[in-house]
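Let's take a walk through a protein structure together. Have the sequence and the 3D view ready, and turn the view as you read.

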Amino acid sequence: LRPVTMAGSGYGIALMARASLLLLISMQVVQAGSMWAKVEMAPPDPILGVAVEYNKDPSPKKVNLGIGAYRDDNGKPLVLKCVREAEKKIANDENMNKEYLPIQGLESFLSQTSKIIFGEESPVIKEQRVAVVQSLSGTGALRLAAEFIAMYYPSATAYISDPSWGNHHTIFKKAGLQTKTYKYLSPDMSLDFDGMKSDVQAAPKNSVFVFHTIAHNPTGVDLSHDQWKEIAKVCQEREHIVIFDTAYQGYATGDLESDAWAVKYFAHEMKMELFVTQSYSKNFGLYGERIGALNVLVNDADTAVKVQSQLKGVIRPMYSSPQLHGARLVSTVLSDNKLKDLWKLELKQMSQRITEMRSALVRELEACKCPFPNDKFQSWNHIVKQIGMFAYTGLSAQQCAVLTQEHHIYCTKNGRFSMAGVNPGNVKYIAESMKHAIESCK
């Protein structure tokens with residue numbers, strides 16, 4: 001054997017040292033990991049997460065009562081006829097383009113949307129006292145309102161009903177505002193009006209109050225006209241900043257005018273300054289188009305111009321300009337009397353189906369002798385008394401878990417059912433499953 005020379009030996013040692021160094025470096029890189037390794041997994045959204053779990057379930061019996069999206073009698077998504085006709089008109093118009101919209105949105109949409117909520121002949125529109133901008137549906141409108149309020153009243157607290165839509169608190173907190181709750185629902189699923197009024201009175205002046213214009217989410221429990229009058233008087237006396245969140249206009253009762261009563265009373269009778277959000281997800285079925293608006297009613301036209309300019313200042317660094325197609329669809333329908341009348345008819349049909357399914361569910365619950373969720377209830381009539389897309393059943397989180405795990409019926413843990421998911425083919429199964437869930441949790 002030839003002996004290893006010093007030169008060869010040194011070269012081998014150098015190679016080994018280099019390999020060791022590379023290995024050490026690679027180990028350090030692996031050990032260091034991502035600079036974002038400390039980021040924790042966010043919890044699933046309590047509403048959208050229901051849809052995720054539903055989609056994973058292979059059971060043919062599964063029922064989705066979670067997300068608030070309309071379904072027909074066969075459980076299928078519905079595209080309104082007026083929307084399909086509007087899409088044909090847009091597609092066949094050679095003058096249409098895909099250019100950026102102005103920061104505030106599509107002018108033909110903006111000129112129509114405020115009339116839907118305040119009324120065709122509203123004096124506040126004629127006096128040009130409404131600053132309006134297009135938004136990313138109702139969620140985006142709320143965020144714009146929250147950001148704007150935070151600019152001028154950064155120490156204000158936003159008061160939100162207990163319970164409320166799960167996103168309300170997060171929206172205002174992300175804008176830097178503190179949130180608290182005001183009383184809303186009694187244990188028997190009726191309105192706790194005295195508690196609500198007391199909290200509105202007790203809140204510091206210039207507090208922000210978020211009200212549901214119609215079809216309160218998640219409870220379906222609304223104020224009467226006389227109760228709204230009392231709340232308006234207190235808000236005016238306390239100089240509160242009022243936001244009406246309008247997600248179900250026309251969808252709740254089938255009547256656009258009736259569903260906007262509270263907003264018009266505050267605006268026209270009480271002559272109050274208001275924020276009013278609008279969403280066209282439910283009442284136009286344009287869930288994925290993300291089309292909505294924020295209206296800010298002020299006391300004079302000059303202020304309205306300045307408010308809109310500041311809202312544009314919020315929008316520009318956030319998303320620059322809004323979406324085009326959804327705005328065109330709504331604008332096309334609202335500016336065509338024939339399509340607008342068809343839309344109103346379809347609203348009544350959707351609202352009527354939801355009302356019928358409420359009654360059908362209660363009939364089936366009574367037929368199978370389903371016990372009540374707890375001793376606070378004497379009947380299931382709260383389901384038919386509620387209004388809008390959701391039924392606040394009174395089921396506990398444990399009872400809802402049984403519905404999902406054993407019967408493949410998906411709903412939020414607070415017992416909220418999307419009545420759009422109930423149809424003639426599954427209503428009996430839902431009622432019988434509710435009976436088993438309640439009895440098994442006793």
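We begin with the whole chain, then visit one strand, and end at a single residue.

Keep in mind from the start that this is a predicted model. The protein chain has 442 residues, and 51% of them count as buried. If you drew a box around the C-alpha atoms along the principal axes, its sides would come to roughly 105 × 60 × 55 Å. Inside that box you can look for 18 helices and eleven strands.

Next, consider how the chain meets itself and its surroundings. Take the contacts in the protein chain with a separation of 6 or more: 75% of them are between residues 24 or more positions apart. The accessible surface comes to about 22,000 Å², and carbon and sulfur atoms make up 53% of it. As for charge, there are 49 positive and 45 negative side chains, and the centres of these two sets lie 6 Å apart.

Now zoom in on strand β6, residues 241–246. Is this strand largely enclosed or not, and why? Six of its six residues are buried, so β6 is largely enclosed by the rest of the structure. You can check this face by face: I241, I243 and D245 are buried on one side, while V242, F244 and T246 are buried on the other.

Which strands pair with β6? One is strand β5, residues 208–212, which runs parallel to β6 and is joined to it by five bridges. To find this pairing in the view, look for V208, whose bridge partner in β6 is I241. The other is strand β7, residues 274–279, also parallel to β6 and also linked by five bridges. Here V242 is a good place to look, as its bridge partner in β7 is L274. There is a helix to add to this picture as well: β5, helix α9 (residues 225–238) and β6 together make a right-handed β-α-β unit.

Our last stop is A391, which sits in strand β9, residues 390–392. Is A391 buried or exposed? Its relative accessibility is 0%, and because buried means under 20%, A391 counts as buried. What does A391 touch, if we leave aside its neighbours within four places in sequence? Its contacts are P218, R358, I383, Q386, G415, R416, F417 and M419. For a sense of distance, try finding R143 too: R143 and A391 are 248 residues apart along the chain, and their C-alpha atoms are separated by 26 Å.

Key: Residues numbered from 1 in each chain as written. Predicted model: local features only at pLDDT ≥ 70, side-chain atom pairs only at ≥ 80, totals over all residues. Heavy atoms only, no water. Helix = DSSP H or I, 4+ residues; strand = E, 2+ residues; numbered from the N terminus. Buried < 20%, exposed > 50% of the residue type's maximum accessible area, 1.4 Å probe, protein only. Contact = heavy atoms within 4.5 Å. Areas by Shrake-Rupley, 256 points an atom, 1.4 Å probe, with all protein chains shown as cover. Lys, Arg positive; Asp, Glu negative; His and termini not counted. Charge placed at Lys NZ, Arg CZ, Asp CG, Glu CD. Pairing = 2+ DSSP bridges. Right-handed = clockwise from strand over helix to strand, strands pointing away.
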